[in-house]
Amino acid sequence: MTNKPASPLLVYLAFATVYIVWGSTYFFIQRALAGFPPFFLGTFRFIIAGTLLMTWCKFRGEKIFDWKNIKYAVVSGLLMLGVANGTVIWVEQFIPSGLVAIMVASAAIWFVILDKPKWKENLSSKSTIAGLIIGFIGVILLFSEQVLQAVNTTQSSNQLLGMILLVLGPVAWAGGSLYSKYHSAPGSSVSVNTAWQMLAAGTAFIVGSALSSEYQHFHWTNVSLSAWLAIIYLIIFGSIAAFSAYVWLLTVRPATQVSTYAYVNPVVAILLSVCFTNETVSLIQILGLFVILGSVLLINLAKYRKDKVIASAALLCADK
């Protein structure tokens, strides 16, 4: 599969959206969990976001019912939003968002491991491999103090289970992302596929919420204004804007390059924690920030060089 041509400006805007907005969702998920149980939160978020996006696609006259694409969207949606994002929502009940962010960052490694069609290209690029390794080291530096604190204190069974799930969640996310990238019909609508992915995940969350008896204990009157504002942010910006940008980026850029969001998101998460909680930034965390930014440059270096060579060749042909 070759990557589709796209406007550089749109690519930059999409990356900025995924980098910044998704980094903020860790913070807002914890805010929303103060009023919504985890599976109900996933149901409410993705059913509404998917319905709004699907309505917009219908209004634009796009083809909604393409059963082959629906099948692909359901599989990728269940893996990315149902399993992977569902894991993040559930574990943030017991584990600080910073620690969740560091473990989710391992998704960037899984993109390289699972992207079989790109093994030759990715594994032969020294800058890509170095960037992935350095980026993970940077994330560890960024949250090393939180990790040490978690290791040195007694963990509940839910916290231990959460950490195990956070090892498996990134695998599901990378697998679902790659499935979405390589299983879509030419010319299919990214917005329609994204809407079906969210609706599939929201339906799966309904089952989880019912099995855990969340509906019996949930009362709308107990939801605070802060939780309402958080879930509205997650629906509009976290799901409709950022997830749509992410799915689109997978169609126009290499998966390894798109996966750099996993290293930048923790940077945004820690900045929000510093600004809106009592957490402070240490010297080692500042070092981690610079290491992460350097890793992103390394991962993208090979792609930038390739684009430059292609542009120079095109310019040379035009001159002739």
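Here are a few exercises, with worked solutions, on the predicted model shown above.

**Exercise 1. Find out which helix has the lowest mean pLDDT and which has the highest.**

Start with the whole protein: its mean pLDDT is 85, and 88% of its residues reach 70 or more. Now go element by element. Helix α8, covering residues 144-152, comes out lowest with a mean of 67. At the other end of the scale sits helix α2 (residues 38-59), which has the highest mean, 96.

**Exercise 2. Check whether the length of helix α7 agrees or disagrees with 1.5 Å a residue.**

First, count: α7 runs over residues 126-142, so there are 17 residues. Next, work out the expected span, using 1.5 Å times one less than the number of residues. That gives 24 Å for α7. Finally, look at the C-alpha atoms at the two ends of α7: they are 24 Å apart, so the two values agree.

**Exercise 3. Work out where the buried residues of α7 lie around its axis.**

Step one is to list the buried residues of α7: S127, T128, G131, L132, G135, G138, V139 and L142. Step two is to see how far they spread: they cover an arc of only 135° around the axis, so they lie on the same side of α7.

**Exercise 4. Decide whether L141 and Q159 are buried or partly exposed.**

You need one cut-off here: buried means under 20% relative accessible area. Take L141, which is found in helix α7. Its relative accessibility is 21%, so L141 counts as partly exposed. Then take Q159, which has its place in helix α9 (residues 157-182). With 18%, Q159 counts as buried.

While you're there, try some distances. L141 and L287 are 146 residues apart along the chain, and 7.3 Å separates their C-alpha atoms. For Q159 and E92, 67 residues apart along the chain, the C-alpha separation is 9.4 Å.

**Exercise 5. Track down which residue forms a salt bridge with R60.**

Begin with the general idea: side chains of opposite charge can pair when their charged atoms come close. The cut-off to use is 4 Å between the nitrogen and the carboxyl oxygen. The partner is E62, and the closest N and O atoms of the pair are 3.3 Å apart. How does E62 sit, buried or exposed? Its relative accessible area is 18%, so E62 is buried.

**Exercise 6. Name the residues that make the nonpolar surface patch of about 490 Å².**

Pick out L225, L229, I232, I236 and F237: together they make this patch. To place one of them, look for L229 in helix α12, residues 225-252.

How values were computed. Residues are numbered from 1 along each chain as its sequence is written. This is a predicted model: local features need pLDDT of at least 70, side-chain atom pairs count only at pLDDT 80 or more; totals for chains, interfaces and linings use all residues. Side-chain values use heavy atoms; hydrogens and water are left out. Patches are made of residues with over 30% relative accessible area and no salt bridge: like charges are joined within 9 Å, nonpolar side chains (Val, Leu, Ile, Met, Phe, Trp, Tyr) within 5 Å. Accessible areas come from the Shrake-Rupley method with a 1.4 Å probe; for residues, only the protein chains shown count as cover. A salt bridge is a side-chain nitrogen of Lys or Arg within 4 Å of a carboxyl oxygen of Asp or Glu. Helices (H or I, at least four residues) and strands (E, at least two) are DSSP runs, numbered from the N terminus. pLDDT is the predictor's confidence in each residue, from 0 to 100. Buried means under 20% relative accessible area, exposed over 50%, partly exposed in between (1.4 Å probe, protein chains only). The arc is that of the directions from the helix axis to the C-beta atoms.
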